[in-house]
Amino acid sequence: MGKNKEFIIDNFQSLLNECKSLKRKLDSVNYSKRTKFYAWIKKRQKLELTEDDCYEVELDHFDKRDLKQIIQIICNELLKLIPPRKRKHAQKLISNFRLPSEELTWEKLNSVSSAQSLPAESKGQCATCAKKISWWSFFSKYTDDRNNQFCSRSCYEEFNDLICDKCQIKIFDTPYYVNKEEKEGVICFDCANTKCLGCRKTIPHSVGYFQKLLPGPGGKKETSNDSENHLPFCKACQAKKEH
Ligand SMILES: [Zn+2]
Ligand SMILES: [Zn+2]
Ligand SMILES: [Zn+2]
C-alpha cells in the first residue's frame with residue numbers, strides 16, 4: 001500500500017466518523033437550520049478536498065463503501081433542512097461534486113420549487129421535517145396517499161401545498177413552470193402573466209423574463225440584458241407595431 005493511499009483511507013475513515021458524530025450532535029441539540037446547513041457544507045467541502053487526492057489512487061471495495069456512506073450522510077442531512085418541494089432541485093446541486101461547496105448557498109438551495117415533493121429519508125419520520133413520529137401520534141397521524149407520515153398538520157400542508165417561487169403566495173389553480181420539462185420553478189398565474197401595453201389583454205411574460213426568475217443549472221441566476229428591455233405586447237399589437 002502506497003503512502004498516498006494510506007493517507008486517503010485514513011481521511012475517509014476519519015471523515016466518516018466525523019459525519020456520524022456530527023449527525024448525533026445535531027440531532028440531539030436544537031440548532032437553527034442555517035447553523036446545521038453550514039456545519040454540513042463544511043463536511044462537504046472536506047470531502048471535496050479529500051476527493052481531489054483520490055484521482056491517482058485506485059479505490060478498493062471498502063474505501064468505495066466508506067465514500068458512498070459519507071456522500072449519503074451529507075446529502076441526506078442537507079436535504080432534510082430544505083423544504084420538501086425544493087428538495088428535488090437542491091439534490092441536483094448538492095450531489096453534483098463539480099459544483100464547489102462555497103457556491104452552494106442556503107438561498108440557492110431554497111430558491112426553486114418543483115411539481116414533486118421529496119420526503120425526508122427514513123421510516124418512522126415526518127416526511128417534511130424528519131422529526132421522529134412518536135408512538136402515540138400513530139393513532140392521530142397525518143398520512144398522505146403515498147404513505148408519507150407527518151408529525152403535524154402544518155408539515156402535511158408544507159409537503160403538499162404549492163407556493164409561488166416569486167411572490168411566495170399559495171397557488172390554488174394550475175401552476176406555471178419556468179422549466180416546463182423538469183416541472184421546476186413554480187409560478188402563480190399573477191406572476192406568470194402581464195398585460196399587453198397596447199390593448200391591456202392578459203398575456204404570458206416573455207421566455208427571457210421567466211429565465212431571470214430562477215437560478216440556472218449551475219445555481220447561478222442567468223442574466224440576459226435583452227429581456228429587460230422587452231416590452232410586453234400581444235401578438236395582434238406586435239403585428240400592428242411592425243407595420
Ligand atoms: Zn414534521
Ligand atoms: Zn406569484
Ligand atoms: Zn395587445
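Axes here are lines fitted to C-alpha atoms, for helices over the stretch in contact, and angles run from 0 to 180 degrees between N-to-C directions. This is a predicted model, in which local features need pLDDT of at least 70 and side-chain atom pairs count only at pLDDT 80 or more, while totals for chains, interfaces and linings use all residues. Residues are numbered from 1 along each chain as its sequence is written, and chains are lettered from A and ligands numbered from 1 in the order in which they are written.

Helix α3 (helices being DSSP runs of H or I, at least four residues, numbered from the N terminus) covers residues 61-80, and because 20 residues at 1.5 Å a residue should span 28 Å, its end C-alpha atoms, 28 Å apart, agree with that expectation. Among the residues of α3 that are buried are Ile-70, Ile-74 and Leu-78, where buried means that 20 or more other C-beta atoms, placed from the backbone, lie within 10 Å of the residue's own.

Ile-70, Ile-74 and Leu-78 also have the most contacts inside the largest nonpolar core, which has 17 residues; such a core is a set of buried Ala, Val, Leu, Ile, Met, Phe, Trp, Tyr and Cys residues joined through C-beta atoms within 7 Å. The elements giving two or more residues to this core are α1, α2, α3 and α4.

The packing of α3 with α4 is as follows.

| Feature of the α3 and α4 pair | Value |
|---|---|
| Angle | about 145° |
| Distance between axes | 10 Å |

In this pair, Cys-75, Leu-78 and Leu-79 of α3 meet Arg-87, Ala-90, Gln-91 and Ile-94 of α4, contact requiring C-beta atoms, placed from the backbone, within 7 Å.

Methods:
The expected span of a helix is 1.5 Å times one less than its number of residues. A residue is buried if 20 or more other C-beta atoms lie within 10 Å of its own, exposed if 12 or fewer, and partly exposed in between; C-beta atoms are placed from the backbone. Two residues are in contact if their C-beta atoms, placed from the backbone, lie within 7 Å.
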